[in-house]
Amino acid sequence: MSASACVVYFGIRYEISEDEISALELRIDPRQRAARQVGLNSYWQNFGGPDERYVLLVGTQIAILGPEDVLSSSITAERLQDIVSQTEGRLNEAGLEGLRSLHFEWFEDL
């Protein structure tokens with residue numbers, strides 16, 4: 001990304017250590033692989049700007065809001081319920097553990 005944006009996902013959020021960045025860059029992180037195998041998305045980024053706070057989101061991408069993406073988005077309650085149900089099933093199938101939530105991460109382009 002080259003502009004500020006808000007990334008919205010339903011799934012699991014992982015804090016990433018410096019040691020894990022290389023595998024994420026190469027797309028060989030076990031969580032990324034497991035997500036792909038069951039048809040889920042993954043997204044990782046430095047969400048901390050100069051303070052470097054890397055996060056990996058695994059699940060279903062709801063939206064990326066920003067000047068280089070879309071400026072607004074909406075989702076019906078019925079569609080959100082479907083996403084939650086399907087994503088939880090796929091996360092279970094992939095054997096990925098963690099708190100399943102609706103995640104909003106702000107990326108500030110500095």
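## Worked exercises on a predicted model

Glu15 lies in strand β1, and the exercises below return to this residue after a tour of rings and a pocket. Please keep in mind that the model is predicted.

### Exercise 1: Aromatic pairs

**Task.** Find how many aromatic pairs the whole structure holds, then classify the pair of Tyr9 and Tyr43 as stacked, tilted or edge-to-face.

**Solution.**

Step 1. Searching the whole structure turns up three aromatic pairs.

Step 2. For Tyr9 and Tyr43, the ring centres are 6.4 Å apart and the planes meet at 45°, so this pair is tilted. The cut-offs used here are under 30 degrees for stacked and over 60 for edge-to-face, with the rest called tilted.

Step 3. Now place the two residues on the chain. Tyr9 belongs to strand β1 (residues 5-16) and Tyr43 to strand β2 (residues 41-46); with their positions 34 residues apart, the pair links distant parts of the chain.

Step 4. Both Tyr9 and Tyr43 are buried.

### Exercise 2: From a pair to a cluster

**Task.** Work out which residues the ring pairs join into a cluster.

**Solution.**

Step 1. Start again from Tyr43, which also forms a tilted aromatic pair with Phe47, at 6.3 Å centre to centre and 40° between the planes.

Step 2. Like Tyr43, Phe47 is buried.

Step 3. Put the pairs together: Tyr9, Tyr43 and Phe47 are linked into a cluster.

Step 4. Another ring has a charged partner. The charged end of Arg31 sits over the ring of Tyr14, at 4.9 Å from the ring centre.

### Exercise 3: The largest pocket

**Task.** Describe the largest pocket by its volume, and decide which element gives the most to its lining.

**Solution.**

Step 1. The volume of the largest pocket is about 170 Å³.

Step 2. Its lining consists of Leu24, Glu25, Arg27, Gln32, Arg36, Leu40, Ser42, Tyr43 and Trp44. You have already met Tyr43 as a member of the ring cluster.

Step 3. Sort the lining by element. Two or more residues come from each of α1 (21-25), α2 (30-37) and β2, and β2 gives the most, with three.

Step 4. Sort the lining by class: four residues are nonpolar, two are polar and three are charged.

Step 5. Look at one lining residue, Arg27, in more detail. Arg27 is in the loop between α1 and α2, and its relative accessibility of 58% makes it count as exposed. Although Arg27 is not a glycine, its phi is positive, at about 60°.

### Exercise 4: Another positive phi

**Task.** Locate Glu52 and say whether it is buried, partly exposed or exposed.

**Solution.**

Step 1. Glu52 is found in the loop between β2 and β3 (54-65).

Step 2. With 49% relative accessibility, Glu52 counts as partly exposed.

Step 3. Check the backbone too: Glu52 is not a glycine, yet it has a positive phi of about 45°.

### Exercise 5: Two glutamates and their contacts

**Task.** List what Glu20 and Glu15 touch, leaving out residues up to four places away in sequence.

**Solution.**

Step 1. Glu20 sits in the loop between β1 and α1 and is partly exposed, with a relative accessible area of 23%.

Step 2. The contacts of Glu20 are Glu15 and Arg31. Arg31 is the residue whose charged end sits over the ring of Tyr14.

Step 3. Glu15, in strand β1, is partly exposed at 47% relative accessibility.

Step 4. Glu15 touches Glu20, Arg53, Tyr54 and Val55.

Step 5. Add the C-alpha distances. Glu15 and Arg53 are 38 residues apart along the chain and 7.6 Å apart in space, while Glu20 and Tyr54 are 34 residues apart in sequence and 9.6 Å apart in space.

### Exercise 6: A leucine in a loop

**Task.** Decide whether Leu96 is buried or exposed, and find which residues it touches.

**Solution.**

Step 1. Leu96 has its place in the loop between α3 and β4 (100-107).

Step 2. Leu96 has 8% relative accessibility and the limit for buried is under 20%, so Leu96 is buried.

Step 3. Not counting residues up to four places away in sequence, Leu96 touches Ile12, Tyr14, Arg31, Ala34, Ala35, Val58 and Leu91. Tyr14 and Arg31 are the ring and charge partners from Exercise 2.

Step 4. Leu96 and Ala35 are 61 residues apart in sequence, and their C-alpha atoms are 8.3 Å apart.

Note on methods. Residues are numbered from 1 along each chain as its sequence is written. This is a predicted model: local features need pLDDT of at least 70, side-chain atom pairs count only at pLDDT 80 or more; totals for chains, interfaces and linings use all residues. Side-chain values use heavy atoms; hydrogens and water are left out. Rings of Phe, Tyr and Trp (its six-membered ring) pair if their centres lie within 6.5 Å; planes under 30 degrees apart count as stacked, over 60 as edge-to-face and the rest as tilted. Helices (H or I, at least four residues) and strands (E, at least two) are DSSP runs, numbered from the N terminus. Buried means under 20% relative accessible area, exposed over 50%, partly exposed in between (1.4 Å probe, protein chains only). A charge sits over a ring if NZ of Lys or CZ of Arg is within 6 Å of the ring centre and within 35 degrees of the ring normal. On a 1 Å grid over the protein atoms alone, a cavity is a set of points where a 1.4 Å probe fits but cannot get out, and a pocket is an open set with protein on both sides within 12 Å along at least five of seven lines; lining residues have an atom within 4 Å of a point. Grid points are joined across faces, edges and corners, and a volume is the space filled by probe spheres set on the points. Ala, Val, Leu, Ile, Met, Phe, Trp, Tyr, Cys and Pro count as nonpolar, Asp, Glu, Lys and Arg as charged, and the others, Gly among them, as polar. Contact means heavy atoms within 4.5 Å.
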